[in-house]
Amino acid sequence: MRSSRKALNMIKYLILMLTFMCVVIEIIQIVVGAVLHRLFATYTVFIDNDFVRATHFLIAVGIVLVFLSIFGFAGIIFENVIMIFLYSGMFGLMVILEIILASAAFSMYNRVDSMLTRRMNIAIQKFFSDRFMRASFNHMQNEMNCCGIQSYADWANFHPERDLPNSCCRRVDDGCMPHERGCHAPMSDFIGSRTHMIATGTVIIIVFQVICIVTAIIMGARLSKYKQQLRAAGMSPGPVTAPEPIMTEKPKY
């Protein structure tokens, strides 16, 4: 009986440590999701809506998992078998959602180039007629130090009667000296690297969470068996507490 309790305590402390680490990782996931959402929101003209929705999903899943981990932490502390198995089951459902998110992120990563080409062509066509498109394109060219889609020659192809916008120019003192590189390549690196971060980061989190689920199931099974043994021996199945000290002397009043 003592050896069973000792093994159970080892599993208990291990899963408490893993659950605490899960909470830390999920808080990081929420922060990363918020940062990526802010970055993607800056370039909504050039990216599809599902890129922004992926960051919403990342934040929402992280928040749910934080509360779920706290629930599991309480179940482990109080050695409640039902809470531990509920924690494992709900955690498993969230892992399935994260697998879907990781798969979607890898799919989005593979179509970044085609998406940017399509959306940049629309934006440059509407540059002089749509104020929002103009502001977004100017912001991109200023931030990325680029001009046009593939090069500054794109402006002559789309708007031959217009001068280059000032955001294209490295210097405007003696006429516009445009940036030589186009905006497609740096934007592809920018959006692609962050989308890949969502995909690979989610996979790493999934692996760690699967370890948490497996250890929780093992503890739940061990705890259930241990409590059955205690009931068979006529003992209390609650958490083991330290025995009261034996008094060797009568108290003095």
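1. A quick definition to start: a residue is called buried when its relative accessible area is under 20%, exposed when it is over 50%, and partly exposed in between (1.4 Å probe, protein chains only). Ile 77 comes out as partly exposed, with a relative accessible area of 36%.

2. Before going on, some ground rules: this is a predicted model, where local features need pLDDT of at least 70 and side-chain atom pairs count only at pLDDT 80 or more, while totals for chains, interfaces and linings use all residues. Residues are numbered from 1 along each chain as its sequence is written, and side-chain values use heavy atoms, with hydrogens and water left out.

3. Back to Ile 77, which sits in helix H2 (helices are DSSP runs of H or I, at least four residues, numbered from the N terminus). Its contacts, meaning heavy atoms within 4.5 Å, include Lys 12 and Leu 16 once neighbours within four places in sequence are set aside. Ile 63 is 14 residues apart from Ile 77 along the chain, and their C-alpha atoms are separated by 22 Å.

4. Now look for the largest nonpolar core (buried Ala, Val, Leu, Ile, Met, Phe, Trp, Tyr and Cys residues joined through side-chain atoms within 4.5 Å). It has 35 residues, and among those touching the most other members are Phe 46, Met 120, Met 140 and Met 187. H4 gives the largest share of this core, six residues.

5. Which residues does Met 140 touch, not counting those up to four places away in sequence? They are Tyr 43, Phe 46, Met 120, Asn 145, Cys 146, Cys 183 and Met 187.

Key:
Helix = DSSP H or I, 4+ residues; strand = E, 2+ residues; numbered from the N terminus.
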